[in-house]
Each structure stands twice: as structure tokens, then as C-alpha cells.
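Visitor: Hi, I am new to this one and would like someone to walk me through it. Could you bring it up first?

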Amino acid sequence: MKRRALRRGSAGWLLLTGLGVAYVVSGDFSGWNIGLSEGGFGGLAIAMVLMGVMYACLVFSLAELSAILPTAGGGYGFARRALGTWGGFLTGTAILIEYILAPAAISIFIGEYVESLHLFGLTAGWPVYLACFVIFIGIHLWGVGEALRFSLVVTAVAVAALLIFAVGAFTEFDASGLNDIPADPNAFGSNSWLPFGLLGIWAAFPFGMWFFLGVEGVPLAAEEAKDPVRSMPKALSISMAVLVLLALITFFAATGARGSAAVQEAGNPLVVALQGDGGPTPLSRFVNYAGLAGLVASFFSLIYAGSRQLFALSRAGYLPRFLSLTSSRKAPYLGLLIPGAIGFALAAATGDGGRMLNVAVFGATISYSLMALSHLVLRRREPDLPRPYRTPGGQLTSGVALVLALSALVATFLVDKEAAFIALGVYAVALAYFTFYSRHRLVAAAPEEEFAALAAAEAELERDR
């Protein structure tokens, strides 16, 4: 275990808050607007609100769980305590799918941005993908404190750009453009606000998630945080508040400035919203470059999250144990290098960022369901467990998160069936590995396993009284 230790006390609540926003901020610059093609303005607005409620409920539930179990395992550790080894592995694998596929997808988007901005004279994407993985993994290998400070600076630039964009876009706001997508007369319940009917709301769920996707990864930093019992709930709450604000102003400013129809399929909707019919403006160029900063922030933070999830699963024996070895600077170097190599290979081989993100969203919704269920189970099975932070609303809050997460999981099949089945195929291979090999080789000394063993011993003592 000494060879598998992280650097404790490296991140306070400010760096953790920056990490939470960094995971998500690229989704404000692009991706969410495709939901307009699925549900129209009204459908995506309702989907955004419902997904915002889901994430808020999930974040409050995770804040309680992370104060109970402040380890690098994050959601996997919570599910291990509540649902046993199978639940832990299912949750950890789903999170790993999200955090390996999402950086690969974002590296493709970074390549497209670099190419569209005519930077460095590049006309092919793979050199950009390679540079992203090499440079940013190198910073992570340098040390977690340095990495999170870099992430905070880039995230601050991206957030400032979103606020500046909103100021410029709201000067052109026209409410009549919000519902300018023609209604489908064959869709049940269709009207000007819901052009694709009631089913369009459901189909827009995965795109409503883009405003918040990834914030649940903050607990993965618990083992490296300063006073995680206090800093983790604070960072999660503030991150969610910032993301809600950014989601509202981005959504209304972009659709109101140019109309929903104009931005619904744009690769860079904020730039399209600013340019109008007169071509590029100084503000649109600034936002275009800032979008690159947003993508870099999310890519960088998701690399961190994936490495910590892989590290925790490996340290406990769910994955090959050599993957959890750490360097002299306490960085899980193989946990960074191997997912990075996989991500680069996928990006270079496919170039299909949208498909990979849909696979990542499928894994995310599975993990959300299992993490919300873990909160419910621990509240019922271990009501006297010391809880330094308690979720507002208790089981009702995590129950809402569970129902909405399951609804979002089903909605992924409405958007991209192939991506959903690809994720299921990866899941099946991972489960076969766990069933026939790794579940017989778990490491009892791993923090998550020790917590589970302690809980089992306490339950046995309680029964014997």
C-alpha cells in the first residue's frame, strides 16, 4: 500500500470547486445545442431543468457519502459499501467508461477547433490529439497540486469568456427566436415551444446533461483533499451553483441572440449566436478562442478523474494491481498513461467524438443510478452511521436522483442506440473479467475494502447483542 499512496492535503475547497466546474465547462461551449434538434427550445429547457434537478440531488447525496468515505474511489467506494463487491465493480466500471471515453471525444473537438482557427498550420487532427495527451498527462505526472492549479486558471478563463459572451449576446436578445423551429404535426403534443412533442423532452435529456456532466467526479479527489469532510460538500455545492448559473445564461443568451433554428446543429453555437449575418466579429473571435480553453479545462480534469478511478479499482484488486502503482511524486503514472494511450488510439482511429460522448453519457447514467441507490441503501441499512454532512431532504433527494437517472439512461437509446449497445458490450467484457478472475483476488487492505469489512463486523456484533 505504501507504493500505492496519493499525495494527501494537496487540494482545498477552492481547487476542488475549480475541478468540479472544469469537468463540465466545455459542455457550455458546444454539444448542448443538438438537444434543440431533439426537443426544440421548450423540450430542451424542460430537459435541462430536470437534469439540473437530478444533478443537484445527486451532488447533495454524494456530499454526504464523500464525508463518510473520503477515499479516491468516489462513487465506486460508496457503492462498494452499500451494494457489495458486485455493486462496487458495476459502478466503478460505468464511471471508468465515462472518464476514458469523454477525454478521447474532447481531444477530437480540440483538434477540430485548432483546425477551424487555422492554428499551427495543422490540417489533420491526430497531432493535436497526441499533443493533448502528452502535454496534459505530463502536467498530471508532475503533481496533483500543480495540475489542479493549472486546471483552475484555464477554467477561470473559460468561465470569464462565457460571462462576456452572455453580455454581448443579450444585447441582441429577441424572444421571438426562441421557438422558431417548425413544429412536427405528427408528433404527439407538438406546438411552437415543443416542436417535436412530449417525446422530444425525453429525447433531449442527454443534451440537458451536457450542462452538468462530470461534476459528480469531485469526490474522486477526496483522498488528496485538505479536510475532505468539510471541503468536499462545500466544493460540490458551490460547483453546482456555478454550473446552474452558467447553464441558464448560456442557454438563453445563445438561443435568444440568433434563434434556436440557427444554433441547433452548429459545432460552435456561441460563435454562431454572436456573428449573425455579418461574419466574424472581435467578440465572436474571442469566444471562439475561449471555447478552446473550455475544452482544454474539461479534457485536463477528466484525465485526472479517469486516473483516480482506475487507481482506486486497481488498488482494491478489481483491475490488475500494477495499475495503481504511484511515482515518487505520488502520481498514479500507469493510471494516467494507459487510459491516455487508449483514449488517443480511439480518437485517432475513429475521429467520431459525438459517438464516444454518447457512450460516455450511457456509462454516466448507469453510475448515477447506482450512486443514488447507494445513498438510499446506506440511509436505511446504517441509519446510525456517523454523518458529518447530511443530505438535505434525505432519502427523498436521492430517490429523485435515482428516478431521473433511470429516465436519462433510457433516453440514451432514443438518441444513439449504437452507442448504448457499444457501452453494454464493454460492460459485458468487464463483467466477465470480474466474474471469472478479479473478484477472487480483491485486496483486503484497500480503503474501500476495509470500510466494507468494518461495516460487516459492526453488523455482526449488533446481531450478537
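Guide: What follows is a short talk about helix packing and cavities in this model, which is a predicted one.

Visitor: Okay, helices first. How do people describe two packed helices?

Guide: Two packed helices are described by the angle between their axes and by the distance between those axes.

Visitor: So at what angle do α14 and α15 cross?

Guide: Helix α14, which covers residues 353-381, and helix α15, which covers residues 395-415, cross at roughly 155°, and their axes come within 8 Å. Angles over 145 degrees count as roughly antiparallel, so α14 is roughly antiparallel to α15.

Visitor: Is that crossing left-handed or right-handed?

Guide: The crossing of α14 and α15 is left-handed.

Visitor: And which residues make the contact?

Guide: On the α14 side they include V361, F362, I366 and L373, while on the α15 side A401, L402, A405 and L406 are among them. By class, the contact of α14 with α15 has 14 nonpolar, seven polar and two charged residues.

Visitor: Next pair. How are α4 and α13 packed, at what angle?

Guide: Helix α4 (residues 75-116) and helix α13 (residues 333-350) pack at about 50°, with their axes 9 Å apart, and they are therefore oblique to each other. The crossing of α4 and α13 is right-handed.

Visitor: What meets what there?

Guide: From α4 come I100, L101, A104, S107 and I108, and they meet P339, I342, G343, L346 and A347 of α13. That contact of α4 with α13 divides into eight nonpolar, two polar and no charged residues.

Visitor: Changing topic: how many cavities of 30 Å³ or more are there?

Guide: The count comes to four cavities of 30 Å³ or more, and the largest cavity has a volume of about 180 Å³. It is lined by 15 residues, of which S26, G27, I106, L213 and L357 are the closest to its centre.

Visitor: Which helix gives the most to that lining?

Guide: α4 gives the most to the lining of the largest cavity, with four residues, and α1, α2, α4 and α12 each supply at least two. By class, that lining has 10 nonpolar, four polar and one charged residues.

Visitor: What about the second largest cavity, what lines it?

Guide: The second largest cavity holds about 70 Å³ of space, and its lining includes Y99, I100, F133, L302 and P339. The elements giving two or more residues to this lining are α4, α12 and α13, and its residues divide into eight nonpolar, four polar and no charged.

Methods. Residues are numbered from 1 along each chain as its sequence is written. This is a predicted model: local features need pLDDT of at least 70, side-chain atom pairs count only at pLDDT 80 or more; totals for chains, interfaces and linings use all residues. Side-chain values use heavy atoms; hydrogens and water are left out. Axes are lines fitted to C-alpha atoms, for helices over the stretch in contact, and angles run from 0 to 180 degrees between N-to-C directions. Angles under 35 degrees count as roughly parallel, over 145 as roughly antiparallel, 65 to 115 as roughly perpendicular and the rest as oblique. A crossing is left-handed if the near helix is turned anticlockwise from the far one by less than a right angle, and right-handed if clockwise. Contact means heavy atoms within 4.5 Å. Ala, Val, Leu, Ile, Met, Phe, Trp, Tyr, Cys and Pro count as nonpolar, Asp, Glu, Lys and Arg as charged, and the others, Gly among them, as polar. On a 1 Å grid over the protein atoms alone, a cavity is a set of points where a 1.4 Å probe fits but cannot get out, and a pocket is an open set with protein on both sides within 12 Å along at least five of seven lines; lining residues have an atom within 4 Å of a point. Grid points are joined across faces, edges and corners, and a volume is the space filled by probe spheres set on the points.
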